[in-house]
Amino acid sequence: MTKHQIEVITSVERRRRWSREEKERLVAATLEPGASVSEIAHSAGIHVSQLFRWRKELCQISTPSVPQLIPVEVVETLPGPSIPPEPPPVSRPRKKASLVMIELGGGRRLRVGSDIDTEALARILDVLERR
């Protein structure tokens, strides 16, 4: 003969209802300096996550149900900043382009246009002298 253990449930387990004041009291206790949420929850007979949920619900800043309106004043448009017209391009008399031949020595020659930037030419000549 085999023995089986049977569990008999005689009552229905019910949820405990907490009033808002009780929830606020427990949440306020968790906000005290040095308070342990775990210890407070254990002493009240509830799970820590429940206490954190209450804390989130009760500490949440309520947003106003009516949207805030900002007064607006409509005025005539102001004229934009006046932009001075661009001056017409100045026509310059064209110079005839001519080539300048520079003898560098060692049989090397450099041909440049007469309109070359003198500073650029000086840099080129410095580089070529170092070779």
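**Figure 1. Four helices and two strands make up the protein chain.** This is a predicted model, and reading along the sequence gives the pattern α-α-α-β-β-α. The chain runs to 131 residues, and 12% of them count as buried. About 13,300 Å² is exposed, with carbon and sulfur atoms supplying 54% of that area. As for contacts with a separation of 6 or more, 28% of them come from residues 24 or more positions apart.

**Figure 2. Helix α1 crosses helix α3.** Here we're looking at residues 20–30 (α1) and residues 48–59 (α3), whose axes come within 9 Å and cross at roughly 100 degrees. An angle of 65 to 115 degrees counts as roughly perpendicular, so that's the label for α1 and α3. On the α1 side, the contact is made by R20, K23, E24, L26, V27 and T30. Facing them from α3 are L51, W54, R55, L58 and C59. Sorted by class, the residues of this α1 and α3 contact come out as six nonpolar, one polar and four charged.

**Figure 3. A close-up of V27 in helix α1.** V27 has a relative accessibility of just 4%. Buried means under 20%, so V27 makes the cut. Skip the residues up to four places away in sequence, and V27 touches L51, W54, R55, L58 and C59. Those five partners also appear on the α3 side of the contact between α1 and α3. For a backbone distance, try V27 and R53: they sit 26 residues apart along the chain, with 9.7 Å between their C-alpha atoms.

**Figure 4. Helix α2 packs against helix α3.** The angle in this view is about 110 degrees, and the two axes are 8 Å apart. That makes this pair, α2 and α3, roughly perpendicular. From α2, V37, S38, I40 and A41 make the contact, and from α3 it's V48, L51, F52 and R55. By class, this α2 and α3 contact has six nonpolar residues, one polar and one charged.

**Figure 5. The largest nonpolar core has 10 residues in all.** Its members are W18, L26, V27, V37, I40, A41, A44, I46, L51 and W54. Which elements give two or more residues to this core? They are α1, α2 (37–44) and α3. Helix α2 gives the most, with four residues. If you want a single residue to start from, try L51: leaving aside neighbours within four places in sequence, L51 is in contact with L26, V27, T30, V37, I40, A41 and I46. Another core, of five residues, lies apart from this one, and its members include I102, V112, L121 and L128.

**Figure 6. S49 sits in helix α3.** Is S49 buried or partly exposed? With a relative accessible area of 37%, S49 is partly exposed. The buried class stops short of that value, as buried means under 20%, while exposed starts over 50%. Also worth picking out is S38, which is 11 residues from S49 in sequence and 9.1 Å away in space, C-alpha to C-alpha. S38 is one of the α2 residues in the contact with α3.

**Figure 7. L99 in strand β1.** The strand covers residues 99–105. L99 is exposed, with a relative accessible area of 63%. What does L99 contact once its neighbours within four places in sequence are left aside? The partners are R111, V112 and G113. Of these, V112 is among the residues of the five-residue core. The C-alpha atoms of L99 and G113 are separated by 4.5 Å, although the two residues are 14 apart along the chain.

Terms used:
Residues are numbered from 1 along each chain as its sequence is written. This is a predicted model: local features need pLDDT of at least 70, side-chain atom pairs count only at pLDDT 80 or more; totals for chains, interfaces and linings use all residues. Side-chain values use heavy atoms; hydrogens and water are left out. Axes are lines fitted to C-alpha atoms, for helices over the stretch in contact, and angles run from 0 to 180 degrees between N-to-C directions. Angles under 35 degrees count as roughly parallel, over 145 as roughly antiparallel, 65 to 115 as roughly perpendicular and the rest as oblique. Contact means heavy atoms within 4.5 Å. Ala, Val, Leu, Ile, Met, Phe, Trp, Tyr, Cys and Pro count as nonpolar, Asp, Glu, Lys and Arg as charged, and the others, Gly among them, as polar. Buried means under 20% relative accessible area, exposed over 50%, partly exposed in between (1.4 Å probe, protein chains only). Accessible areas come from the Shrake-Rupley method with a 1.4 Å probe; for residues, only the protein chains shown count as cover. A nonpolar core is a set of buried Ala, Val, Leu, Ile, Met, Phe, Trp, Tyr and Cys residues joined through side-chain atoms within 4.5 Å.
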